Amino acid sequence: MFEINNKKIEKYEHFTVIRDFYKKPDEVVEFIHRYEPHWHKNPHGYFSQGYDFDDMRHIIYTFQIKPVWDFLSQVTKQRPCQDEPDKEYSINTNYTYFRQIYKNKHFYPHRDYGYTALIYLDKEVANGTNIYQNISWDETKDEHRDHYCNQDEVKVIAHTPSEYNKLVIWNGLQLHGLCQDEKYIGKWRLNQVFPFENE
């Protein structure tokens with residue numbers, strides 16, 4: 001089910017891209033939706049969580065995903081992030097439902113521990129991921145509580161659109177975040193994420 005269809009790497013200044021990544025992406029999406037997502041970090045009703053959006057995650061363990069982690073470890077030259085046991089056997093998602101968006105704000109710019117690989121799994125082309133230069137954004141703000149960043153607090157220095165079955169890799173140590181899109185008001189967005197970190 002998780003067979004890799006394409007390993008041809010396209011390198012850009014801020015993003016590495018592999019298009020048509022999975023051989024059977026529809027089956028991947030169907031498999032993920034067999035499992036219940038859980039709330040990310042904070043429960044429903046915690047400030048923006050459950051009000052502006054529902055920020056959910058799937059964590060599913062299967063041996064079938066390990067070859068994908070192995071391939072991406074070769075590409076990134078980093079190990080799977082050690083925030084969970086047996087990470088290289090896990091399917092991790094970002095699964096977000098938007099009730100509204102704010103055109104004058106950005107959606108929680110943040111940093112990760114190393115490279116981040118992400119596969120967009122929504123059929124409709126939309127705004128995807130931004131990379132930012134920090135101007136005055138306080139990076140210690142609490143996710144979901146002080147979730148949104150004013151437009152003038154960061155500068156967008158790179159963007160890649162969300163396209164079905166496209167894998168993107170970027171340096172997660174750079175400030176980055178999901179780019180809001182009006183198409184997803186009242187809809188769920190799904191992607192599969194592979195976080196990495198330096199040895």
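This is a guided tour of one protein model, moving from the whole chain to single residues.

The model is predicted, so local features are taken up where pLDDT is at least 70 and side-chain atom pairs where pLDDT is 80 or more, while totals for chains, interfaces and linings use all residues. Residues are numbered from 1 along each chain as its sequence is written, and side-chain values use heavy atoms, with hydrogens and water left out.

**The whole chain**

Begin with the full chain in a cartoon view, where the protein shows two helices and 15 strands; helices (H or I, at least four residues) and strands (E, at least two) are DSSP runs, numbered from the N terminus. Along the principal axes, the C-alpha atoms fill a box of roughly 40 × 35 × 30 Å. The radius of gyration of the protein is 16 Å, which agrees with the value near 16 Å that a compact globule of 199 residues would have; the radius is taken over C-alpha atoms, and the globule rule is 2.2 Å times the number of residues to the power 0.38.

Next, colour by accessibility: of the 199 residues, 51% are buried, where buried means under 20% relative accessible area, exposed over 50%, and partly exposed in between (1.4 Å probe, protein chains only). The accessible surface of the protein comes to about 9900 Å², and 47% of it belongs to carbon and sulfur atoms; these areas come from the Shrake-Rupley method with a 1.4 Å probe, and for residues only the protein chains shown count as cover. If you draw contacts (heavy atoms within 4.5 Å), then among those with a separation of 6 or more, 80% join residues 24 or more positions apart.

For the charges, select the 25 positive and 31 negative ones, whose mean positions are 4 Å apart. Here Lys and Arg count as positive and Asp and Glu as negative, with His and the chain ends not counted, and each charge is placed at NZ of Lys, CZ of Arg, CG of Asp or CD of Glu.

**Helix H2 and the residue after it**

Select helix H2 (66–76) and show the side chains of its buried residues, which are Val68, Trp69, Phe71, Leu72, Ser73 and Thr76. These buried residues pack against E2, E6, strand E7 (90–98), strand E9 (115–120), E13 and strand E15 (188–197).

Step on to Lys77, which follows H2 and has a positive phi, near 60 degrees. Lys77 sits in the loop between H2 and strand E6 (79–80), and it is exposed, with a relative accessible area of 70%. Most residues other than glycine have a negative phi.

Then select Glu88, in the loop between E6 and E7, which counts as partly exposed at 26% relative accessibility. Apart from neighbours within four places in sequence, Glu88 is in contact with Ile65, Lys66, Trp69 and Pro80. For a distance across the model, draw a line from Glu88 to Gly186, which are 98 residues apart in sequence and 33 Å apart in space, C-alpha to C-alpha.

**Tyr22 and Asn165**

Move to Tyr22, in the loop between E2 and helix H1 (25–32), where the residue is buried with a relative accessible area of 1%. Leaving aside neighbours within four places, its contacts include Phe2, Glu3, Val28, Val68, Ile119, Asn165 and Phe194. The C-alpha atoms of Tyr22 and Glu3 are separated by 5.9 Å, with their positions 19 residues apart along the chain.

From Tyr22, select its contact Asn165, which has a positive phi of about 65 degrees although it is not a glycine. Asn165 lies in the loop between strand E12 (154–162) and strand E13 (167–171), and at 4% relative accessibility it counts as buried.

**Thr16 in strand E2**

Now select Thr16, in strand E2 (residues 16–18), which counts as buried at 13% relative accessibility. Not counting residues up to four places away in sequence, Thr16 touches Ile9, Glu10, Lys11, Leu167, Val168 and Ile169. By contrast, the C-alpha atoms of Thr16 and His58, 42 residues apart along the chain, are separated by 24 Å.

**The cysteines**

How many disulfides are there? With a disulfide taken as a pair of cysteine sulfur atoms within 2.5 Å, the count comes to zero. Select Cys149, for which the nearest cysteine sulfur, that of Cys179, is 12 Å away, a distance that is too far for a bond. Cys149 is buried, with a relative accessible area of 0%, and Cys179 also counts as buried, at 15%.
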